[in-house]
Amino acid sequence: MKEKTLFWLVFSALLLVVAAVFAPALASPFGGSPFVESASRGAFRKICHQDPERSFILFGEHLAVCARCTGIYTGALLGWAALIFIKDERKNRPVPNWFLIAGFLPLALDGAANLVGIFQTPSWIRCLTGLAMGATSSLSIWPAARDAWTYLMYDMERENTEGTKEAG
C-alpha cells in the first residue's frame with residue numbers, strides 16, 4: 001500500500017472524530033437523536049470536561065466537547081488535509097522543534113493562566129489555541145507515520161514472500 005492509503009485512512013478517522021464532535025448539533029435540526037447525542041458525548045467523556053459554559057452552541061445544542069477540544073480535533077483534520085498542498089520533499093522532512101513549540105505554547109499558556117485564575121479567555125480564543133496545536137501536531141506526525149507505515153508494509157510483504165517460498 002502506498003502513502004496515499006495511509007493519508008486517506010488517517011484523514012477518514014479524523015473526519016469521523018470531527019463528525020462525532022458536531023453530531024449532537026447536526027442532529028438537532030432534524031428533530032435530534034438521544035442516541036446520537038449520548039453516543040457522541042460518551043465517546044469524549046473521558047478526555048474532555050464537556051463544560052457547557054466552555055462549549056460552542058450550534059443549532060441550539062452544545063457540541064460534544066469544549067471549545068478547546070473542538071479546535072484541537074478540527075485543527076488536526078485541517079492540518080492533515082493541508083498535507084495535500086505541501087510538496088512531497090517538504091512534507092517528508094521532520095518538522096523543526098520551533099514549529100511544534102509555536103503550536104503548543106499558546107494553548108499551554110492560555111490553559112495554565114485559566115487554570116490558576118489569572119484570566120478567563122472566551123471560547124473563540126480557546127478554540128484558536130486548540131486549532132494551532134491540532135494543526136501543528138498532525139503536520140508533525142506525518143513523517144514518522146509515513147516511515148512506520150512504510151516499514152510495516154515492507155515487513156508484511158517480506159513475510160508474504162517468505163511464506164510463498166516455503167510453500168513452494
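Let's start with a residue on the outside: Phe59 is exposed, with a relative accessible area of 51%. That value just qualifies, because exposed here means over 50%. Keep in mind as you look around that this is a predicted model. Phe59 sits in the loop between β1 and β2 (61-62). Its backbone deserves a glance too, since phi of Phe59 is near 55°, a positive value in a residue other than glycine. As background, most residues other than glycine have a negative phi.

Gln50 makes a good partner for this first stop. Phi of Gln50 is also positive, near 55°, and Gln50 is not a glycine either. You will find Gln50 in the loop between α2 (34-44) and β1 (57-58). Is Gln50 buried or exposed? Gln50 is buried, at a relative accessible area of 17%, and it earns that label because buried means under 20%.

From these loops, let's move to the nonpolar interior. The largest nonpolar core holds 24 residues, and Val65, Tyr73 and Trp80 are the members that touch the most others. Three helices each give two or more residues to this core: α1 (3-27), α3 (67-82) and α6 (123-167). Which of the elements provides the largest share? That is α1, with seven residues. To see the core from one side chain's point of view, try Tyr73: leaving aside residues up to four places away in sequence, Tyr73 touches Val17, Val18, Val21, Phe44, Ile47 and Val65.

Now follow α1 itself. This helix has 25 residues and spans 34 Å from its first C-alpha to its last, close to the 36 Å expected at 1.5 Å a residue. Along the way there is a kink of about 45° at Val21, shortly before the proline Pro24. Val21 was among the contacts of Tyr73, and it is also one of the buried residues of α1. Others in that buried set include Leu6, Phe7, Phe11, Leu14, Val18 and Pro24.

A second bent helix is α5 (97-116). Its 20 residues reach 27 Å from first C-alpha to last, close to the 28 Å expected at 1.5 Å a residue. The bend in α5 is about 35° and falls at Phe104, with the proline Pro106 following within four residues. The buried residues of α5 are Gly103, Leu107, Asp110, Ala113 and Asn114. After α5 comes Gly117, whose phi is positive, near 85°.

Two of those buried α5 residues, Asp110 and Asn114, lead us on to Arg126, which touches both of them. Arg126 is found in helix α6. Despite being an arginine, Arg126 counts as buried, at 5% relative accessibility. Its other contacts, again not counting residues up to four places away in sequence, are Arg54, Ala67, Arg68, Gln120 and Thr121. For a sense of scale, compare Arg126 with Thr161: the two are 35 residues apart in sequence and 51 Å apart in space, C-alpha to C-alpha.

Our last stop is the largest pocket, with about 290 Å³ of space. Twelve residues line this pocket, and the closest to its centre are Arg90, Arg93, Val95, Pro96 and Phe99. Which helices each supply at least two residues of the lining? They are α4 (88-91), α5 and α6. Two of these helices are already familiar: α5 carries the bend at Phe104, and α6 holds the buried Arg126.

Definitions and conventions
Residues numbered from 1 in each chain as written. Predicted model: local features only at pLDDT ≥ 70, side-chain atom pairs only at ≥ 80, totals over all residues. Heavy atoms only, no water. Core = buried A, V, L, I, M, F, W, Y, C linked by side-chain atoms within 4.5 Å. Buried < 20%, exposed > 50% of the residue type's maximum accessible area, 1.4 Å probe, protein only. Contact = heavy atoms within 4.5 Å. Expected span 1.5 Å × (residues − 1). Bend = angle between axes of the 7 residues up to and from the residue. 1 Å grid on protein atoms, 1.4 Å probe; cavity = no way out; pocket = protein on both sides within 12 Å on 5 of 7 lines; lining within 4 Å. Points joined across faces, edges and corners; volume = space filled by probe spheres on them.
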